[in-house]
Amino acid sequence: MSPLSTVLTVTIQADPPDRLDKALARDVPEAAALSRSRLARLIGEGAVSRDGAPVTDTKARVAEGECYAIRLEQAAEVETTAEDIPLQVVWEDADLIVVNKPAGMVVHPAPGSSSGTLVNALLHHCGDSLSGIGGEKRPGIVHRIDKDTSGLLVVAKSDRAHHGLAAQFEAHTVMRHYLALVHGVPEASDPRLRGLRGVRFEQANVLRIATQIGRHRTDRQRQAVLESGGRHAVTRARVVERFGQPAAAALVDCWLETGRTHQIRVHMAYAGHGLIGDATYGGRRKLSPAAVGEQAAEAARDFPRQALHAATLGFVHPVTGEELAFEAPLPADMAALLALLRAAPRHNSA
């Protein structure tokens, strides 16, 4: 056994599941934070044994009272380089960190973006406080926001937090609200919206969009609403403010029931209310100077990114059980555009 490894002993309790990986996942101490998928990997690697003999079949039958030894290697250092990049930390403890990501920062290293990412910054910021995710010293990314979207992200620093947060995202119990500046104003009185597949209005003029989202048929870099295939996606949106005369733009509060790639951007464009500045999904639509004034129209035309900000994030702390909620104010670029739109002729609040 490696001097950098530890051994965890698990005794199978009464009425065990019918296969080893399931039984271990049920009976392993909660503090060990070992998911069934990781236990399956450990079994396959020969790191699980009974009476000194490795057991490598995840489907092996088990019996009450059997003892299994699980060899856990010390968390390995990852190849991603830690970089001293400033972070706006909203909350941090031993198990998780909440940050307000600036627009322009990629969340996770990928081909073409191997440095300057949020993960690079977190590796430097967290240092030795990372206890290991899946056997590696790395931050546990449980959700992402696009490079050019600003706002709140929660990241796990430990396995137990990673599992608990991932379960909440999978169960759609995490509260995520985004503020978006969009073309036009989504209104219940619009007959076009009422006739659009998957779109309806709920109480208090809340727009609900429920469709399948997947890769675009011809442009693989984009997502699209699909008639079949893809993954189910639900977005809700409520108009916060209207701008212009006639109404030409709106500040919209969007919240997610699911979390698909580019979901808000795709759904708002599908509804005919693409985000200002969204070169991928917003089309070539421009605000009329006659409706919002020259300054606001020019600022909207030149806005360099999708006008989208992850403003609110709420979840249950996966270790302490405390209910947490965070808010991040609009970044300077969106706040400046919003101020110009508010100065437009005769804008009205919702």
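Helices here are DSSP runs of H or I with at least four residues, strands are runs of E with at least two, and both are numbered from the N terminus. With that in hand, start at Arg-197, which sits in the loop between α5 (191-194) and β12. The model is a predicted one: local features need pLDDT of at least 70, side-chain atom pairs count only at pLDDT 80 or more, and totals for chains, interfaces and linings use all residues. Residues are numbered from 1 along each chain as its sequence is written, and side-chain values use heavy atoms, with hydrogens and water left out.

Stay with Arg-197 for a moment. Burial is judged by relative accessible area: under 20% is buried, over 50% is exposed, and in between is partly exposed (1.4 Å probe, protein chains only). Arg-197 counts as partly exposed because its relative accessibility is 43%. Which residues does Arg-197 touch, leaving out those up to four places away in sequence? They are Thr-211, Val-225, Leu-226, Glu-227 and Tyr-270. Contact here means heavy atoms within 4.5 Å. Ser-228 is 31 residues from Arg-197 along the chain, and their C-alpha atoms are separated by 13 Å.

Now step back to the whole chain. The secondary structure comes to 9 helices and 19 strands. The C-alpha trace spans about 80 × 45 × 40 Å along its principal axes. The chain has 350 residues, and 46% of them count as buried. Take the contacts with a separation of 6 or more: 65% of these come from residues 24 or more positions apart.

Next, the interior. In soluble globular proteins, nonpolar side chains tend to be buried together. A nonpolar core is a set of buried Ala, Val, Leu, Ile, Met, Phe, Trp, Tyr and Cys residues joined through side-chain atoms within 4.5 Å. The largest such core in this model has 36 residues. Those with the most contacts inside it are Leu-118, Leu-122, Tyr-178, Val-182, Cys-254, Ile-264 and Met-268. Helix α3 (residues 118-126) gives the most to this core, with 5 residues. Look at Cys-254. Residues up to four places away in sequence aside, Cys-254 touches Arg-176, His-177, Tyr-178, Ala-180, Arg-236, Ala-237, Ile-264 and Met-268.

Aromatic rings come next. Rings of Phe, Tyr and Trp (its six-membered ring) pair if their centres lie within 6.5 Å; planes under 30 degrees apart count as stacked, over 60 as edge-to-face and the rest as tilted. The count by this rule comes to 2 aromatic pairs. Why is the pair of Phe-315 and Phe-326 called tilted? The ring centres are 6.1 Å apart and the planes stand at 40 degrees, so the pair is tilted. This pair links distant parts of the chain: Phe-315 is in strand β17 (residues 308-316) and Phe-326 is in strand β18 (residues 323-327), 11 residues apart. Phe-315 is buried, at a relative accessible area of 4%. Phe-326 is buried too, at 8%. Trp-91 joins Phe-315 and Phe-326 in one aromatic cluster.

Then there are the pockets. On a 1 Å grid over the protein atoms alone, a pocket is an open set of points with protein on both sides within 12 Å along at least five of seven lines, and lining residues have an atom within 4 Å of a point. Grid points are joined across faces, edges and corners, and a volume is the space filled by probe spheres set on the points. The largest pocket has a volume of about 970 Å³. It is lined by 33 residues, and the closest to its centre are His-143, Arg-144, Gly-259, Arg-260 and Thr-261. The elements that give two or more residues to this lining are α4 (159-170), β11 (175-183) and α6 (263-270).

The second largest pocket has a volume of about 370 Å³. Of its 17 lining residues, Asp-146, Gln-221, His-262, Arg-265 and Thr-280 lie nearest its centre.

Finish with the backbone. Gln-245 and Pro-246 are joined by a cis peptide bond, with omega about 0 degrees. Pro-246 lies in the loop between β15 (231-243) and β16 (249-256). Asp-15 is not a glycine, yet its phi is positive, about 50 degrees. Asp-15 is found in the loop between β1 (5-11) and α1 (20-27). Is Asp-15 buried or exposed? Asp-15 is exposed, with a relative accessible area of 68%.

Technical notes. On a 1 Å grid over the protein atoms alone, a cavity is a set of points where a 1.4 Å probe fits but cannot get out, and a pocket is an open set with protein on both sides within 12 Å along at least five of seven lines; lining residues have an atom within 4 Å of a point.
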